[in-house]
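Me: Please take a close look at one part of this protein: the aromatic contacts. Go through them one by one.

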Amino acid sequence: MKKIQRYTVLPNIPKKLKPLLKIAYNLWWTWSPDALDLFRWVDTDIWEQTSHSPIEMLGKISPERFEELEKDEAFLRHLDTVHTDLEKYLKHPTWFKKTHGDKFHGKVAYFSFEYGLHESLRLYSGGLGILSGDHLKSASDLGIPLVAVGLIYKYGYFKQYLNIDGWQQEFYITNDFENMPMTLRRGEDGVPIYIAVEFPGRVVYAQIWELNVGRVKLYLLDTNLDFNSPKDQEISHKLYGGDNYTRIQQEILLGIGGVRALEALGEKPTVFHMNEGHSAFLVFERTRMLMERYHLSFSEARDLVSASSIFTTHTPVPAGIDIFQADMIATYFGEYCKKLGISIGELIGLGRLNPTDINEPFSMPYLAFNFADRSNGVSELHGKVSRDMWRALWPDLPDKLVPLRHVTNGIHTQTWLSDEMARLYDRYLGPQILDNPLDDAPWQKVDKIPESELWRSKERLRERLVSFARGKMKEQLKHRGASFSKITHVDEILDPRALTIGFARRFATYKRATLLFSDPERLAKILNDRDRPVQIIFAGKAHPKDDQGKKLIREIIHLANQEEFRRHLVFLEDYSMEIARYLVQGVDVWMNTPRRPQEASGTSGMKVPPNAGVNLSILDGWWCEGYNGANGWAIGSGEVYKDLDYQDEVEALALYELLEREVVPAFYDRGVDGLPREWIKKMKSSIATLSPVFNTNRMVHEYHEKIYDPAQVQWEELTKNDMDMTRKMERWKRFILEHWDSVYISNVYSEVNDQLKVGTHLEVNATVNLGEIQPDDVAVALFHGTMDAKGDIYEGERVWMTAKEQKEHGQYLFTGDIPCGESGQHGYAVCIYPQTKKLSRRFEKALIKWWVG
């Protein structure tokens with residue numbers, strides 16, 4: 001076979017225009033309207049042809065065009081302005097620097113399987129990736145010391161098109177890494193930096209690509225190397241492609257390879273955040289490295305890893321988790337476990353609920369939960385759903401004590417905000433609305449925006465969406481070989497003045513994309529009302545293996561082809577970040593119809609309020625927290641049904657009722673000046689109450705203050721003085737384990753009488769036998785609250801009890817006060833578990849003991 005010698009051709013940019021490259025190689029441009037305008041100015045046609053990829057575009061610009069730009073004084077001034085803005089952004093004192101200064105000495109490593117940063121970077125499939133990308137952007141805005149790790153996919157996620165019957169088809173296009181805004185990391189000798197990961201019978205190598213996301217670096221691993229076998233090159237070919245063997249290889253590369261990549265690059269993160277369970281194998285590699293570097297035991301190193309590990313779960317249903325059979329884990333980790341000083345059976349047990357159950361498969365979330373001190377869901381409801389879902393990990397803990405809380409997701413507002421609304425906010429709310437990422441106050445000035453200006457801005461955004469949708473529809477029809485007349489008829493679909501509803505997301509069955517189609521005749525009447533027309537724009541992909549999801553898409557297409565729906569119902573193929581931007585900016589209403597409680601968060605709806613849109617949603621995910629009765633509409637009241645068909649029927653009826661009686665009338669009820677004042681009132685409420693809360697600046701700030709910073713403090717405590725505290729903790733744990741069997745609560749009593757009233761306190765006393773263990777080594781807690789019908793404590797609270805006196809050797813009296821905050825039937829229980837400030841939660845949950853009477 002002939003040998004082909006490779007070489008790379010880079011854009012040849014004149015010296016005067018060199019700042020274009022610096023701007024292009026920092027993804028800050030993706031949320032800078034002026035930078036985006038700059039690239040459009042270079043060549044609008046090529047900008048569109050290259051899917052808005054500045055590096056690829058610059059490589060296609062002719063020398064003649066560059067000469068023109070060199071002589072264009074207006075362009076040069078704009079280039080200088082954008083370049084100066086980037087420099088200011090990178091050097092500007094951040095929230096983190098102002099607030100924490102030199103107090104935080106660590107760095108966070110953020111691991112995710114996908115990143116949605118821009119449509120030109122096909123490294124994402126949906127919500128998880130978009131969230132990861134927005135997380136990095138806000139970490140940059142706030143100045144959080146954070147690096148990110150992922151995989152670079154040669155083909156990324158599939159591109160979608162529909163055949164003439166409306167059935168989803170998939171194809172892949174090659175990502176040209178050299179034409180993407182990233183650079184290959186090389187050593188001082190100019191040779192690419194490689195990391196090696198051991199696989200059964202071979203070693204797989206990966207090179208590292210670097211992307212700059214503002215102040216944050218994102219490192220992506222790539223196995224597409226000639227000296228890897230063709231099969232191993234495929235490891236980083238497709239996102240969510242291949243079989244279970246491909247998946248475990250990708251997750252080993254991400255977790256173990258990712259930690260090694262950070263080491264090879266000289267990065268020294270101290271806190272590790274696993275965004276979903278895909279990267280959970282990193283806990284093994286961190287444990288191995290600590291054991292080797294500091295001569296720690298497995299148990300000592302594990303405690304250190306646990307103290308500095310965070311796990312965010314996004315999955316509200318068991319079907320969404322990664323599970324591998326034990327024999328597969330044994331194949332890939334049979335040799336690796338020796339480096340940890342444990343058997344393969346013990347290693348597999350770390351990914352099980354019951355470590356000794358040989359029939360139980362290996363679960364990536366179980367592995368993450370078993371190592372991470374701090375875990376969270378992604379909305380308040382999802383936190384509760386997750387605690388119920390993973391309840392078996394903490395069988396003896398009441399809900400409030402389970403160490404799995406929540407940090408509600410958000411969106412990077414500047415990425416999703418339209419230029420139209422940005423200018424309006426700048427004019428009436430002040431530039432600090434975007435310049436100060438954590439200042440909520442300006443959002444409360446929304447009422448200062450004149451109703452007419454807000455409405456006209458929204459009308460222009462709707463017109464832009466309709467124009468964009470028509471263009472996409474023409475492209476789709478051309479691809480299907482439609483006739484010229486059918487293509488020209490596209491100009492008749494959608495009305496830029498009509499109430500426009502958007503529905504775009506992954507086409508999983510639980511999201512119920514076709515809930516609105518349960519009564520086609522009733523829907524047709526709503527859409528075709530001559531005086532109050534309504535139109536709906538759909539978009540989204542089904543997983544290639546999800547035929548049920550594909551059937552939902554086909555159902556929409558079949559309905560849209562009927563004459564009564566043709567002008568009012570469209571489906572935009574190949575959902576991307578570009579399509580999402582047009583939709584969330586242009587629609588009047590964002591419709592979301594998941595089957596509660598299966599929506600973990602649902603960030604698509606969060607992108608609508610800053611763009612003066614309103615949500616119409618089931619009370620699931622984030623909307624349970626966001627909805628206040630005035631800022632949108634709720635479908636139902638948060639009910640959960642056992643009969644799913646009945647649930648669909650009830651909620652479809654509720655949706656029709658809302659559209660007919662509230663949504664449509666509010667939009668079309670106009671004053672003499674043509675303004676829908678009730679609608680505008682709802683728009684303003686949506687902006688003011690939701691935009692300052694459901695954003696990633698708030699989210700990342702919350703992660704840092706509640707999770708990253710405490711993890712860093714714990715890391716510093718355990719690692720100072722050559723790991724002295726870590727070794728002391730191991731000795732302490734051994735002592736506790738040796739004597740824990742003698743610990744029990746012998747008696748609990750309180751002065752309960754009929755005269756207990758709201759505003760008083762109930763004193764509770766507990767006699768605790770500790771044996772050789774000291775009171776400072778345990779936590780004794782009162783768990784109290786109202787009683788439910790089953791006699792259990794519902795939504796209880798914890799009160800710490802303190803050691804009041806020593807009654808005799810090893811026996812202590814603990815006391816605590818329960819505040820009587822409300823009337824009703826209440827109860828309490830008392831528990832005890834080992835606790836020290838440096839100890840991980842993983843240890844306390846295993847040894848908790850309750851008073852049993």
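Reply: Here are the aromatic pairs, and where their rings sit.

This is a predicted model, where local features need pLDDT of at least 70, side-chain atom pairs count only at pLDDT 80 or more, and totals for chains, interfaces and linings use all residues. Residues are numbered from 1 along each chain as its sequence is written, and side-chain values use heavy atoms, without hydrogens and water.

The structure holds 44 aromatic pairs. Rings of Phe, Tyr and Trp (its six-membered ring) pair if their centres lie within 6.5 Å; planes under 30 degrees apart are stacked, over 60 edge-to-face, and the rest tilted.

Take F311 and F369: an edge-to-face pair, 4.9 Å centre to centre, with 85° between the planes. F311 lies in strand β10 (residues 309-312) and F369 in helix α16 (residues 364-371), so the pair ties together parts 58 residues apart in sequence. Helices (H or I, at least four residues) and strands (E, at least two) are DSSP runs, numbered from the N terminus. F311 is buried, at 0% relative accessibility. F369 is buried too, at 2%. Buried means under 20% relative accessible area, exposed over 50%, partly exposed in between (1.4 Å probe, protein chains only).

Y366 and W390 also pair edge-to-face, at 5.3 Å centre to centre and 75° between the planes. Y366 lies in helix α16 and W390 in the loop between α17 (380-389) and β14 (404-406), so this pair ties together parts 24 residues apart in sequence. Both Y366 and W390 are buried.

One aromatic cluster is formed by F281, F284, F333, Y336, F362 and F371.
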